[in-house]
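Open the model in your viewer and switch to a cartoon view. Keep side chains ready to toggle.

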Amino acid sequence: MAKRPPLPRAASESARSVAHGGEAGADPALPQSPSPSGSAFRRRAREEHGKKTAVTSRDRAALTRVTRRETAITAQGSKSTSASHTTTPAAESVVTTALARKLEERRTKQRRRRVHVRMGLLAALVVLLIAVYAVGFSPLFALEAHRITVMGAQAPVDAASISKDLGSLEGTPLPRLDSDAIADRISAKDAWIKDVEVEKDYPHGLRIRLSVRQAVAILSDTELLASGGAVVSRPEGQGEGLVTARIDGVDAHAGRVEAARIIEALSEETRTQVSEVVVGKAGTRLVLKSGGDVEWGTSDDAQLKARVIAVLLQRQANHYDVTDPINPTTR
């Protein structure tokens, strides 16, 4: 509790004077009246001093109340501060424990998620391995020889022979079969085969589509000239009525290609009038069955030359020249 402020000296002395009934000497704080009626003056002075003393007492009481209030507030603040200091460690402990629990739960969830992901990947890998084995190594899609189908074969190409040759692949899973390799194998077996398409017919078959060459001329007793300049074997009884092709003094392969292009450009009617096609250094010449000949030149503009010679052969002549199909001549 705060100390009371000391009273002013004059007020103290006035109080003592009043307490003694005013018998003491005059209050130094009061004005000295030269009037003989000093008692009335002193009475008024005492009244004024009493008012001042009452005011001072009220101030003291207000100051006391304020001081007590401040003291109470300070004490309460001290208690609150002490309490806060006392409870802070426990609160911090609770917060730390809750945070640790949440972190542990998060770590547990992450571990479980990683385990699930790994198990999923492992399961997918196992399924993939099983699928690879089932498709590529098991008999689930194995080739069966009786399910090999050959289409487009015509004499002298034998479809049964091709199926029999491919029978050695029986039991091989279709996904492991190389279609291009099979096509090359078939083409290499017979020169008559121009083109091969291989299609896998799941679950156990193969479809083979063939394009067979057409013979256009006779090269010898054992060989025929086929489309594209290919040389094929001459089966017995084949080649009757075909034109004879002769390569004279030029590269054999290039000469055969040139002869095949010219013969294929001729119409069926014109072919029946030609007995021989001779490819030489000076160009190509057609020998007619009538005894005449046709100076052809190169195989350039073969289609146009074929149309021109078809018209010119309607005229009787011994020599026809279509080296320049725009300006053909006869004699």
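The tour goes from the sheet to the helices that pack on it. Bear in mind that this is a predicted model.

**The sheet**

Start with the sheet: it is open, has 3 strands in the order 1-3-2, and its pairing is mixed. Select 148-151 for strand 1 and 193-201 for strand 2. Both stand at the edges with a single partner strand each, so one side of each has no neighbour in the sheet. On average, neighbouring strands here are turned by 15 degrees against each other, direction ignored.

Next, add residues 205-212, which are strand 3. Strand 3 pairs with strand 2 in the antiparallel sense, over 8 bridges. Show side chains at 199 and 207: glutamate 199 of the sheet stands opposite arginine 207 in strand 3.

**The helices on the sheet**

Select residues 159-166, helix 3. Helix 3 packs on the sheet and touches strand 1, strand 2 and strand 3. Its direction makes about 145 degrees with that of strand 1.

Move to residues 179-189, helix 4. This helix also packs on the sheet, touching strand 2 and strand 3, and its direction makes about 145 degrees with that of strand 2.

**Around helix 4**

Which residues of helix 4 are buried? They are Ile182, Ala183 and Ile186. Look down the axis of helix 4: these buried residues fall within an arc of 100 degrees, so they line one face. Their cover includes helix 3, strand 2 and strand 3. Now turn to the other side of helix 4, where Asp180, Asp184 and Ala188 are exposed.

Finish at the N-terminal end of helix 4, which aspartate 178 caps. A side-chain oxygen of aspartate 178 lies 3.1 Å from the backbone nitrogen of aspartate 180.

Note on methods: Residues numbered from 1 in each chain as written. Predicted model: local features only at pLDDT ≥ 70, side-chain atom pairs only at ≥ 80, totals over all residues. Heavy atoms only, no water. Pairing = 2+ DSSP bridges. Helix = DSSP H or I, 4+ residues; strand = E, 2+ residues; numbered from the N terminus. Axes fitted to C-alpha atoms, helices over the stretch in contact; angles between N-to-C directions. Contact = heavy atoms within 4.5 Å. Buried < 20%, exposed > 50% of the residue type's maximum accessible area, 1.4 Å probe, protein only. Arc of directions from axis to C-beta. Polar contact = N/O pair within 3.5 Å; in protein donor to acceptor, adjacent residues only side chain to side chain.
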